[in-house]
Amino acid sequence: MINLERFSIGIGDRFGREGPAQLAAFLKAKATGVVITPVWNKSNREHTIVGTHPDSVRAEADAAVRTLNWTGSYRVDADHIGLKTVDRFIGASDFFTIDVADFIGQPASADAVRDFVSRQRRLLACPFGLTESTLERTAQKYLLAVQQAGQVYRHIAQAKGAGTFIAEVSMDETDTPQTPVELVVILAALAGEGVPVQTIAPKFSGRFNKGVDYVGDLAKFEREFADDLAVVDYAVREFGLPATLKLSVHSGSDKFSLYPIIRRQLRRTGAGVHLKTAGTTWLEEVAGLATAGGDALRLAQAMYADMHAHIDELSQPYATVIDIDRSRLPTPAEVAGWSGTEFVAALRHDQRNPRFNPHLRQLVHVGFKIAAKHGAEYLHALETHRHVVAELVTDNLYRNHIEPLLVAS
Ligand SMILES: [Zn+2]
């Protein structure tokens with residue numbers, strides 16, 4: 001049985017060039033005594049937009065591990081897959097994020113719901129205040145999604161063998177958050193469905209927009225996160241789920257204001273966490289090109305102009321997780337006049353810098369299709385300025401994410 005360690009971080013790399021630079025950040029953490037499992041993740045959506053195959057992520061991870069002599073565990077995550085998309089990922093992945101958000105709210109059969117409620121009456125005694133009507137309502141809302149997770153899990157297990165991969169179930173890409181008491185019912189249902197889930201990704205309260213900070217009530221998030229930790233602990237003891245079960249936070253990257261909260265709660269409880277913070281590596285590549293100046297800066301400026309022109313198309317797949325105020329975006333002509341320093345100041349997520357522009361950052365975050373369009377030219381620029389880019393990638397991952405979340409100060 002493959003077990004996931006207490007701390008793991010999901011890292012994404014749109015163009016597959018930053019594996020060693022990312023892994024270097026985990027080595028820095030290890031040098032301070034904090035062992036974190038790197039998980040390279042790339043969703044079907046990203047593969048489709050960039051035009052890559054899941055095998056390329058496995059190749060990247062293996063190569064990075066060899067190059068840097070990483071001796072710890074590492075995983076390759078088929079991120080946000082479903083029954084229709086999982087097959088291409090079977091060979092390369094040993095971590096599967098089974099996304100059932102689309103099935104939330106679709107009712108399971110009345111018989112199945114009645115049967116579930118009668119078998120799970122013991123849950124009414126759980127310490128989270130579950131009432132009979134909430135049990136029934138939650139079953140109606142989530143049972144079909146859980147059954148779907150079971151189907152996908154069994155499909156993978158049949159192809160790869162049970163115990164040879166880590167199963168995550170994600171419900172984050174939906175409009176309404178799951179409350180801790182709903183999470184109890186969902187985990188009981190997953191156990192009943194025979195899914196040995198090791199990471200569960202609920203939707204938390206508040207906005208998790210791409211590449212920018214959390215928007216919401218921090219005190220409320222802390223209570224919810226603490227309650228969810230208690231639910232996970234209870235589910236392991238009561239439902240026979242794997243002892244390694246932990247929360248997965250699909251952060252959409254850069255939820256800096258949540259890190260001290262999560263850190264505090266992990267220390268208080270001894271719990272672990274899986275943090276997905278995929279998208280910012282690509283933003284560091286753009287920052288690297290802008291920093292390098294010359295042709296590389298001009299390429300970054302040209303890509304921005306292209307993103308600005310295609311904003312509707314680029315935003316559409318991410319509509320629920322971005323808030324771009326178009327009136328606050330600089331025009332392509334303005335950006336074309338910027339120095340590398342000015343470009344980087346607008347792009348990089350430094351909330352104390354008055355030049356930081358979250359609208360531009362979100363647009364670039366979802367604009368990687370434009371870099372894919374520039375193909376060879378883009379990849380060539382990355383290679384030419386490898387040192388500048390790699391340093392930014394490592395530094396961002398370590399200093400902005402790993403250190404505040406997990407490394408003692
Ligand atoms: Zn997600």
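**Exercise 1. Find out which residue in E5 stands opposite Phe96, then place E5 among its neighbours.**

Step 1. Start with the pair itself: Phe96 stands opposite Ala167 in E5. Keep in mind that you're looking at a predicted model.

Step 2. Follow the chain onward from there. It leaves E5, passes through H6 and arrives at E6, and this β-α-β crossover is right-handed.

Step 3. Now look at the pairing on either side. Strand E4 (residues 95-99) pairs with E5 in the parallel sense, over five bridges. E5 is also joined to strand E6 (residues 197-201) by four bridges, and these two run parallel as well. One spot to click on is Val169, whose bridge partner in E6 is Ile200.

Step 4. Check how covered E5 is. Five of the five residues of this strand (residues 166-170) are buried. On one side you'll find Ile166, Glu168 and Ser170, and on the other Ala167 and Val169, so to speak a strand with both faces covered.

**Exercise 2. Work out how many strands the barrel has, and whether it is open or closed.**

Step 1. Trace the order of the strands: E1-E2-E3-E4-E5-E6-E7-E8, with parallel pairing. That makes a closed barrel of eight strands. From one strand to the next, the twist averages 25°.

Step 2. Look at where E1 meets E8. Strand E1 (residues 7-11) and strand E8 (residues 273-276) run parallel and are joined by four bridges. Gly10 has Lys276 in E8 as its bridge partner.

Step 3. Turn to the pairing of E8 with E7. These two strands pair in the parallel sense over four bridges, and here His250 stands opposite Lys276. Put together, Lys276 faces Gly10 as a bridge partner and stands opposite His250 too.

Step 4. Add the helix: E7, H8 and E8 make a right-handed β-α-β unit.

Step 5. Finish with the faces of E8. Val273 and Leu275 are buried on one side, and His274 and Lys276 are buried on the other.

**Exercise 3. Decide which residues of H7 are buried, and why they end up on the same side.**

Step 1. Get the helix in view. H7 (residues 218-239) has 22 residues and reaches 30 Å from its first C-alpha to its last, close to the 32 Å expected.

Step 2. List the buried residues: Glu224, Phe225, Asp228, Leu229, Val231, Val232 and Ala235. They sit on the same side of H7 because they cover an arc of only 165° around the axis.

Step 3. Check the face turned away from that buried side. There you meet the exposed residues Ala219 and Arg237.

Step 4. See what the buried residues pack against: helix H6 (180-192), strand E7 (246-250) and helix H8 (259-269).

Step 5. Step just past the end of H7. Gly240 takes a positive phi of about 70° there.

**Exercise 4. Explain why H14 counts as largely enclosed, then compare what you see in H13.**

Step 1. Count along H14 (residues 358-366). Eight of its nine residues are buried, so the rest of the structure largely encloses this helix. The buried ones are Pro358, Leu360, Arg361, Gln362, Leu363, Val364, His365 and Val366.

Step 2. Name the packing partners. The buried residues of H14 pack against helix H9 (280-292), helix H10 (294-309), helix H11 (311-315) and helix H13 (340-347).

Step 3. Move over to H13, where Phe343, Val344, Ala346 and Leu347 are buried. These cover an arc of only 160° around the axis, which puts them on the same side of H13.

Step 4. Do the partner check again. The buried residues of H13 pack against H9, H10, helix H12 (332-336) and H14.

**Exercise 5. Is Glu46 buried or exposed?**

Step 1. Locate Glu46 in helix H2 (residues 44-50).

Step 2. Count its surroundings. The cut-off for buried is 20 or more other C-beta atoms within 10 Å. Glu46 has 23 C-beta neighbours inside 10 Å, so this residue counts as buried.

Step 3. Take one distance across the chain. Glu46 and Gln316 lie 270 residues apart along the chain, and their C-alpha atoms are separated by 13 Å.

Note on methods:
Residues numbered from 1 in each chain as written. Predicted model: local features only at pLDDT ≥ 70, side-chain atom pairs only at ≥ 80, totals over all residues. Pairing = 2+ DSSP bridges. Axes fitted to C-alpha atoms, helices over the stretch in contact; angles between N-to-C directions. Expected span 1.5 Å × (residues − 1). Buried ≥ 20, exposed ≤ 12 C-beta atoms within 10 Å, placed from the backbone. Arc of directions from axis to C-beta. Contact = placed C-beta atoms within 7 Å. Right-handed = clockwise from strand over helix to strand, strands pointing away.
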